[in-house]
Amino acid sequence: MSKKEKLQDIPAEIRPFLTRRRVLQAGAIGGAAAVAAACGAGGSTTDAAAPATESVDNSESAKKVVWSNWPLYMPVDEDTKAYPDLEAFTAETGIAVEYIEDYNDNNEFYAKQKPLLDKGAPLGRDIVTPTDFMANIWIKNGFALELDQSNIPNISNLNEAYKNVAFDPGRKFSLPWQAGFTGLGWNKAKLKATLGTDTITSMDQFFDSKLKGQVVVLSELLDTIPLILSWQGNDPTQFGDSEFQKAIDYLQSKVDDGHIQAFTGNEYATALENGDVIAVIGWSGDLGQLGEDFGFDLPESGGSKFVDNMLIPAGAEHKTNAEKLINFFYDPVVAARVAEYVQYISPVDGAAEELMKSDPALAENQLIFPSDELLKRAYSTMPLTSEQEAKYNEAWAKLIGN
Amino acid sequence: MSIAQESIITKPTRRRIKRTPYLLILPGIGWLFLFFIFPLSTLFATSLQKPAGISPDDGFLPAFKVSNYSSALVEYYPQFFRGFLYSGIATVICLLLAYPIAYYMAFRARKYRNLMLVLIVAPFFASFLLRTNAWKTILSGDGIVVGFLNSFNLLPQDRILNTSLAVVAGLTYNFLPFMILPLYTSLEKIDPRLIEAAGDLYSPPSQRFWKVVWPLSIPGVISGTLLTFIPASGDYINAELLGSIKDKMIGNVIQSQFIDLRDYPTASALSFTFMAIILVMIYLYIRRAGTDDLV
């Protein structure tokens, strides 16, 4: 019996609250806190790309490490509510892990920590887990500490595909935690009743007028835009203002004619389960956890692949301990346990082989072991320049009604 | 001579009496200064800043950029309008729902009065977010409410969730207790003998209400509407969770400016404009309602 099955045993009513990116819209509360924090930060200017504040490494004197990660992104023992892998790390190294599931939203987390980062004050965290585009912002602004790779010998297990990323060539500052897909998800029964088929293979179907008012898309720009870009024949890994504008214009027309019901971001899975919507742009692991009645695929024109990265924030007080923890999770055996539980793709070489050994049936699971054909349709997201970021975010905010 | 002596003796005592109240409000003043005046002035300073570079991460420089206000208003007046409209409607519905409840509690409930009070306050034991999220399930497409209303073809869009109806309903639900409680306190203070006296003077029930009860409950009506309207107009949770793209209120814009765009000057300018509008509205309202004891 695998842990994956255990996850699906959770009653349907509470499961929607329990996936990686969604815990009861906690972002909204956090948002209020961030507004308060932001008020205090008035007038501060950041010297962009300034060297990160010299941080004191207390790893020797204080045997602990603090990690901020997305909710439900770490195997949990259902009975004791403990994290067996973190306990194993403590047993091996004597370093206690304080694991906080407070990373609910890339923008919100960054907005909350920014005033501290600007001042060079410690965040009280030694590892944070931003998605690609946000990792880009942390690194670009000098808010990440360079990893001492001699403390991470297991870095040799990093899969070739993740070694060179545009925002961090040579992986000097960050290492991937898990990867997943952004694509189309749907309610099979309702789709059959409306479109006469129980799979969606293209964006044309997603925007079929029969689905009017029955679809929601993700509220994070770099989740939704790449799907539209590639569908319009543009390259989502390399696009400029005109291509972006074309995608925005199309989405605007679909907002105006009522095709898109909402930009939900977090709670689309609940909406799918409750029958409020038929199809969504969503994340692979979420749909995987919803079970048999729901489908997930990348459209023919392509979807995107996201990677969540571990990095050590400026001002971290236990840098060496953090590196040791990262090293621990780059052990293929440990990585296999994590991937099996969270249903996302492990960036660690050898994890796949370990998983096959323990449960050969898992090889069928496209979400953990994507086929080459599926990977060919998955683009990684383009890191935006500061100028693009400011301009695109503003256009995006207008589109989604803010 | 004796008068002069007397004044010398009484002086210190009088001075001490005068000083005590000031000393007593000192902690309150200090609190207000630290947690209200100071953040408010920082916010005001932020609202006039100009960007230091292209990206919000480059930071902002102190400046006197008044155009932050005009551009924010031009850009977001629909959300301002919508925020006040939705919260205004919700306030009126709250008043209509709350008055009979408060009236019943004050004059008829007798031994059930405390039970009713507990029931009204009970929702506060669950988190605001959790309760609003629960409404998503209640109003969902496969839920009973939508099924029932749809069977009578009462829903123009075949759904409630992600419509303005859901936002107003959510606001009404969430702020109803803030209307009931002040109404109840002011109704409860009315001496029932006044109503009896009106009856003795051959006043019919409707006249008894409009001539006696209603005027005496005005302070409760005013504080109830203010307690409902002010937080409701700044609320963003209801519009975020229950509304569609076209139902966003000013709170959503401010939240997104702070968190997603990190455009602190625009967000601060919006916050300040919002506060100013609210202040003017309240001033006019209280002037018109013509009372200065808000109990």
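In the predicted model, the cover over the buried residues of α4(B) includes α10 of chain A, together with α6 and α9 (237-242) of chain B. Helix α4 spans residues 128-138 of chain B, and its buried residues are T132(B), W135(B) and K136(B). Viewed down the axis of α4(B), these buried residues fall within an arc of 110°, so they line one face of the helix. L130(B) and A134(B), on the other side of α4(B), are exposed.

Helix α10 of chain A, part of the cover over α4(B), also belongs to the contact between the two chains. This contact takes 39 residues from chain A and 46 residues from chain B. On the side of chain A that touches chain B, at least two residues each are supplied by α2 (26-40), α4 (106-119), β6 (260-263), α10 (268-274) and α16 (386-399) of chain A. The largest share of this side, eight residues, comes from α2(A). By class, the residues of chain A that touch chain B comprise 16 nonpolar, 18 polar and five charged.

Chain A contains 16 helices and ten strands. Of its 402 residues, 53% are buried. Among the contacts in chain A with a separation of 6 or more, 80% are accounted for by residues 24 or more positions apart.

In soluble globular proteins, nonpolar side chains tend to be buried together. The largest nonpolar core of the model has 156 residues, of which V215(A), A279(A) and L325(A) touch the most other members. Helix α6 (residues 164-188) of chain B gives the most to this core, with 13 residues; α6 of chain B is also included in the cover over the buried residues of α4(B). Leaving aside residues up to four places away in sequence, V215(A) touches F206(A), H259(A), I260(A), Q261(A), V277(A), I278(A), A279(A) and V280(A). One of these partners, A279(A), is itself among the core residues that touch the most other members. Two others, I260(A) and Q261(A), fall in the range of β6 (260-263) of chain A.

The domain assignment of chain B gives domain 1 (1-47) and domain 2 (68-289). Taken over C-alpha atoms, the centres of domain 1 and domain 2 of chain B are separated by 37 Å. Four residues from domain 1 of chain B and seven residues from domain 2 of chain B take part in the contact between them. The side of domain 1 of chain B that touches domain 2 of chain B has two nonpolar, two polar and no charged residues.

Positive phi values in residues other than glycine were found at Q343(A) and at N162(B). For Q343(A), phi is near 65°. Q343(A) is placed in the loop between α13 (332-342) and α14 (351-358) of chain A. With 23 other C-beta atoms within 10 Å, Q343(A) is buried, because the cut-off for a buried residue is 20 or more. For N162(B), phi is likewise near 65°, and the residue lies in the loop between α5 (144-151) and α6 of chain B. N162(B) counts as buried, with 27 C-beta neighbours inside 10 Å. The helix that follows this loop, α6 of chain B, is the one that gives the most residues to the largest nonpolar core.

Definitions and conventions. Residues numbered from 1 in each chain as written. Chains lettered and ligands numbered in written order. Predicted model: local features only at pLDDT ≥ 70, side-chain atom pairs only at ≥ 80, totals over all residues. Contact = placed C-beta atoms within 7 Å. Helix = DSSP H or I, 4+ residues; strand = E, 2+ residues; numbered from the N terminus. Nonpolar A, V, L, I, M, F, W, Y, C, P; charged D, E, K, R; others polar. Domains from an automatic or database assignment. Core = buried A, V, L, I, M, F, W, Y, C linked by C-beta atoms within 7 Å. Buried ≥ 20, exposed ≤ 12 C-beta atoms within 10 Å, placed from the backbone. Arc of directions from axis to C-beta.
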